[in-house]
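The exercises below are meant for a reader who meets this structure for the first time. Please examine the sequence and the model before attempting them.

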Amino acid sequence: MRRLIFRRELKSNAKGLVVWSLVLGGLVLMMMSVYPSFAEDARMAEEMLDVFPEPIARVFGMDTLNLGSYTGFYGVEAHLINTLVGSVYAALLAGGMLAKEENDRTAEFLLSKPVTRTAVTLQKLAAVLFNLFILNLVIAIVSFACTGFADEAVETDILAWYLIATFLLHATVASVSFLLSAVMRRTRSIASLALGIVFLSYALHVAAGLSDRFDVLRRVSLFSFTDAAAIAKHGGLAMPDAAAMALISLLCIAGAIGYYRNKDIAG
Amino acid sequence: MAIVELDRLTKRYGKRRGIEEVTFSIEEGEIFGFIGPNGAGKSTTIRLLLHLIRPTSGSARVFGKDIVRESRDIRRETGYLPSEAHYYGDMNAAELLRYSASFYGRLDESRMRRLAERLDLDLSRRIADLSLGNRKKVGIIQALLHRPRLLILDEPTGGLDPLMQHVFFDLLLEERERGATIFFSSHILGEVQRLCGRVAIIRDGRIVRVESVSELVRSSFKTVTMTFAADSRPQPVREADLPGVIRQDISGQVQTLFFNGNIRDLLHYAGRLPLADIRIVEPSLEEIFMHEYKTDEGA
């Protein structure tokens, strides 16, 4: 197979990818460029911590993460933006991927060509993952380049783990959205639902951080899998978190392929 | 050999009507018409053949291959024009056609240019900027481009002006010359009558009849138009004088009969009338069709 649909999707999504990469890369660069002034004055970092009430500080991992270190500062500032903004991109990209053919009524053209439904699904999924990989590559390059701002020896392994966790989270959000895209037909409803899941998940993550009593919420939020403080404390991405993301992704992808194989295409 | 064979093919949607036990077959090299009013199940049948939707029961084979299990093999040698053609708005016509052709593994650039020229389509225009008729032309070319063995056309003439319809019919005849089998649906009987050898008539999701067009026209009725001399007035025909008049109509000096009785009885009867003119013609498919539907409703 010559991956025609994959190539078509890369081309038609290229502009979006460039924009989102520039935005996220730019945001990371902007935030991390503030780091040197923080590191210079450790007291300033502590003062900042005092400004926040304790539960809020905990939500952003400021109780665990040391704002005076590159990875600590990154974990509080950039990691949050990477996971959240990147998830929005993943949800929109994957949510539209299959359903847009029905929504724009091009499905009848595409699916009357000699391709199997499974090939269509897999090529479109590959396009989603490839786009997310490129976005994460850009984030990674900027993140490592910004270590130049730091005077100390940066814990590059922790930084790498942040990045790996971010990519896994994006892939998970994308898989969930991709399943919606296979099952539903209207891209607009899918976008609302997928973004709803992202923001609700983030809200639950925040709520869980506010008090131990909400700890149970932690288990239903995708963002808790990539919690920066947990990664820093653990010295890496915890195995159960990685496994949970992988499992959710695989189930959603299998569901999407299975459903789309037998879907009645709207005329 | 039958190129398309439907065997009690059924599709039910929850409340909406689908098709019920549709059975017919199309021979190689035929131009086969599929007629019926909007919503009768034409598109449903066609979309089942392409596996865009799955049958509830029954089966069908195209080129002897099962439409569910061997759909991709079928589509490799099929050209399909959907009734409402939509294509990727960000491409121009040539890009779309090249993309389409790449799925079949071969692009005949000169055939693409030739078809575009015949249909008077500017290949450099963006799909998003095309009118309905021009989009239809893109659809026609993408269906014909890879020289398919079977053409499935769903309401192909909608949106085409009469001149383009003419060109399009010529193209179809050339395709048949090449050996292609053509299956096309329409609710415009004139175009079916003009092109097709046989037709299937569908109504409310069921096949009413499958017949050759000439048979359909011949077996049934004559339309008899009699113009009376100026000094006489037409009188209604009584069954005792001339059996076989299905419908009659008098308007001024002109009497029209819808007749399926013995032609010699008709001539004998007409010979005694003070006529200025008489015309006996085969009715158009439209007229038969109207009649078909009326009788069915009565039954």
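Each exercise consists of a task and a solution in steps.

The structure is a predicted model, in which local features need pLDDT of at least 70 and side-chain atom pairs count only at pLDDT 80 or more, while totals for chains, interfaces and linings use all residues. Residues are numbered from 1 along each chain as its sequence is written, and chains are lettered from A and ligands numbered from 1 in the order in which they are written.

**Exercise 1. The sheet that contains β1(B)**

Task: Determine the order of the strands in the open sheet that contains β1 of chain B, and describe how they pair.

Solution.

Step 1. Helices (H or I, at least four residues) and strands (E, at least two) are DSSP runs, numbered from the N terminus. Two strands pair if DSSP finds at least two bridges between them.

Step 2. Four strands of chain B make up the open sheet, in the order β2-β1-β4-β5, with antiparallel pairing. Its edge strands, each paired on one side only, are β2 (19-27) and β5 (65-66) of chain B.

Step 3. Strand β1 (residues 2-11) is joined to β2(B) by 6 bridges, and Ala2(B) stands opposite Glu27(B) in β2(B). With β4(B), β1(B) pairs over 5 bridges; here Val4(B) has Val62(B) as its bridge partner.

Step 4. Val62(B) also stands opposite Lys65(B) in β5(B), and β4(B) and β5(B) are paired over 2 bridges. These two strands form a hairpin with 2 residues between them, and Phe63(B) in the turn has a positive phi of about 55 degrees.

**Exercise 2. The helix across this sheet**

Task: Establish whether the residues of α1(B) are buried or exposed, and find which strands α1(B) lies across.

Solution.

Step 1. A residue is buried if 20 or more other C-beta atoms lie within 10 Å of its own, exposed if 12 or fewer, and partly exposed in between; C-beta atoms are placed from the backbone.

Step 2. By this count 8 of the 8 residues of α1(B) are buried, so the helix is largely enclosed by the rest of the structure. Among them are Lys42(B), Arg47(B) and Leu49(B).

Step 3. The helix lies across β1, β2 and β4 (57-62) of chain B and runs at about 115 degrees to β1(B). Axes are lines fitted to C-alpha atoms, for helices over the stretch in contact, and angles run from 0 to 180 degrees between N-to-C directions. His51(B), which follows α1(B), has a positive phi near 65 degrees.

**Exercise 3. Two residues with positive phi**

Task: Locate Arg8(B) and Asp120(B) and state their exposure.

Solution.

Step 1. Most residues other than glycine have a negative phi. Arg8(B), although not a glycine, has a positive phi of about 45 degrees, and Asp120(B) has one near 60 degrees.

Step 2. Arg8(B) lies in strand β1 of chain B and is partly exposed, with 13 other C-beta atoms within 10 Å.

Step 3. Asp120(B) is in the loop between α4 (109-119) and α5 (132-144) of chain B. It counts as exposed, with 12 C-beta neighbours inside 10 Å.

**Exercise 4. Domains and core**

Task: Give the domains of chain B and state where the largest nonpolar core lies.

Solution.

Step 1. Chain B is divided into domain 1 (2-217) and domain 2 (222-281), with bounds that come from an automatic or database domain assignment. Their centres, taken over C-alpha atoms, are 42 Å apart.

Step 2. A nonpolar core is a set of buried Ala, Val, Leu, Ile, Met, Phe, Trp, Tyr and Cys residues joined through C-beta atoms within 7 Å. The largest has 83 residues, and Leu49(B) and Val138(B) are among those with the most contacts inside it. Both domains of chain B give residues to this core, so it lies between them.

**Exercise 5. The contact of chains A and B**

Task: Count the residues that each chain gives to the contact.

Solution.

Step 1. Two residues are in contact if their C-beta atoms, placed from the backbone, lie within 7 Å.

Step 2. Chain B gives 21 residues and chain A gives 18 residues. On the side of chain B, the elements giving two or more residues are α1 (42-49), α2 (71-76) and α3 (93-102).
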